[in-house]
Amino acid sequence: MSDPCILIVEQDLLVRTPLAEYLRECGYLVLEASSAGDARAFLEDGSRRIDIVLAEVKSGEPSGFALASWVRTHLPNTQIVLAGTIATAAEKAGDICQEGPTLSKPYDHRLVLDHIRHLLAARDRNNGS
Amino acid sequence: MIPQPLLRPRTARILVVEDEVLTRAFIAEELRLAGFRVIEADRADDGLTYIKAAVEQVDLVFSDIQTPGSLDGLQLAEILRDKYPDIPVILTSGNAPPRHVGIVEAFVPKPYDVTQTIALMSAILAQKSPGEPL
């Protein structure tokens, strides 16, 4: 089975790159998008299965919320984690995301990794694998 | 088995500046498979910000000429030549190379052969730091 694939949607290169490298070193295949629009390009391309989308709430136009809604509608097997500062709308994120509350920024890489492991493990349990 | 971060010796870091996300992801993935570390930027401005921030040393820049933002790839190359002359630059474009593209180490026309392009990068890095592992 191939490594799980994580798509990180984050505008800030200085934030995105270290997180992506950390997750790669943990064994994940990581794709990087600087906007929700670029993330849609990956998701619609369909050449690889994306297991988790980790998206910043403020990811340009469309927003992270809009991206999450699109994923929930079109790719129900792909899980979404929204991330943002406390000032962002956590309640709305909870309606959209698999696991309710979002990750807060700035990212704690270890917490992101724990969250990803938790989501993948829950999915595998639900799939009976 | 739970994946854990691995400790590895330092490998060369390549900054790829390309605004077409699928193209960028493809070359970045091939470079990683070839053993390089890759920073992915969709704008030349962001690439320059990364280099200025000196988060980690960048060993080579591979940039499209036509990039969104306040800088294009050629302007980025000019800045790097002045401020960071140790960082070699390879430019790429689907258009004909501009006349003063000679300021950079190489120009690769699009569509490029990924294997040959990576070989070119390896050769430039080897020339820059002979004897050091890539």
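Chain A of this predicted model has five helices and five strands. Going along the sequence, helices and strands take turns in the pattern β-α-β-α-β-α-β-α-β-α. Chain A has 129 residues, and buried ones make up 40% of them. Contacts in this chain often link distant stretches of sequence: when residues at least 6 apart are counted, 58% of the contacts join residues at least 24 apart.

The strands of chain A come together in an open sheet of five, with parallel pairing and the order β2-β1-β3-β4-β5. In this sheet β2 (29-33) and β5 (103-104) of chain A are the edge strands; each has a single partner strand, so one side of each is left without a neighbour in the sheet. Strands in a sheet are paired through backbone hydrogen bonds, and the pairing can be parallel or antiparallel. Further in, strand β1 (residues 5-9) of chain A runs parallel to strand β3 (residues 52-56) of chain A, and four bridges connect the two. One of the residues to look for here is A:V9, whose bridge partner in β3(A) is A:A55. Helix α1 (residues 13-25) of chain A lies across β1 and β2 of chain A, and its direction makes an angle of about 165° with β2(A).

Now for chain B. Its secondary structure amounts to four helices and five strands, and the pattern along the sequence reads β-α-β-α-β-α-β-β-α. Of its 134 residues, 37% count as buried. As for contacts in chain B between residues at least 6 apart in sequence, 58% are between residues at least 24 apart.

Strand β4 (residues 89-93) of chain B is a good place to start looking, as it is mostly covered: four of its five residues are buried. Strand β3 (residues 60-64) of chain B pairs with β4(B) in the parallel sense, over four bridges. Across this pairing, B:D64 stands opposite B:T92 in β4(B). To get from β3(B) to β4(B), the chain passes through helix α3 (residues 73-83) of chain B, making a right-handed β-α-β crossover. Strand β4(B) also runs parallel to strand β5 (residues 106-109) of chain B, again with four bridges. In that pairing, B:S93 has B:P109 in β5(B) as its bridge partner.

Helix α2 of chain B has several buried residues: B:A44, B:D46, B:G47, B:L48, B:Y50 and B:I51. What do the buried residues of α2(B) pack against? Within chain B they pack against β1 (13-17), β2, β3 and α3, and they also pack against α1 of chain A. Just after α2(B) comes B:A54, which takes a positive phi of about 50°.

A little further on, in the loop between α2 and β3 of chain B, sits B:V58. Is B:V58 buried or exposed? It has 20 other C-beta atoms within 10 Å, so B:V58 is buried. Leaving out residues up to four places away in sequence, B:V58 touches B:R13, B:L15, B:I39, B:I51 and B:I87. The C-alpha atoms of B:V58 and B:P88 are separated by 9.5 Å, with the two residues 30 apart along the chain.

The two chains also meet each other, with 16 residues of chain B in contact with 16 residues of chain A. On the side of chain B that touches chain A, α1 (21-33), β2 (37-41) and α2 (44-53) of chain B each supply at least two residues. The largest share, four residues, comes from α2(B). Sorted by class, this side of chain B has eleven nonpolar, two polar and three charged residues.

Finally, there is the nonpolar core. In soluble globular proteins, nonpolar side chains tend to be buried together. In this model the largest nonpolar core has 69 residues, and the members that touch the most others are A:L7, A:V9, A:A39, A:V53, A:A55 and B:I14. The largest share of this core, five residues, comes from α1(B). Two of these names, A:V9 and A:A55, are the bridge partners already met in chain A. As for B:I14, its contacts, apart from residues up to four places away in sequence, are B:L31, B:F36, B:V38, B:D59, B:L60, B:F62 and B:M121.

Technical notes. Residues are numbered from 1 along each chain as its sequence is written. Chains are lettered from A and ligands numbered from 1 in the order in which they are written. This is a predicted model: local features need pLDDT of at least 70, side-chain atom pairs count only at pLDDT 80 or more; totals for chains, interfaces and linings use all residues. Two strands pair if DSSP finds at least two bridges between them. Two residues are in contact if their C-beta atoms, placed from the backbone, lie within 7 Å. Axes are lines fitted to C-alpha atoms, for helices over the stretch in contact, and angles run from 0 to 180 degrees between N-to-C directions. A residue is buried if 20 or more other C-beta atoms lie within 10 Å of its own, exposed if 12 or fewer, and partly exposed in between; C-beta atoms are placed from the backbone. A crossover is right-handed if, with the strands pointing away from the viewer, the path from the first strand over the helix to the second runs clockwise. Ala, Val, Leu, Ile, Met, Phe, Trp, Tyr, Cys and Pro count as nonpolar, Asp, Glu, Lys and Arg as charged, and the others, Gly among them, as polar. A nonpolar core is a set of buried Ala, Val, Leu, Ile, Met, Phe, Trp, Tyr and Cys residues joined through C-beta atoms within 7 Å.
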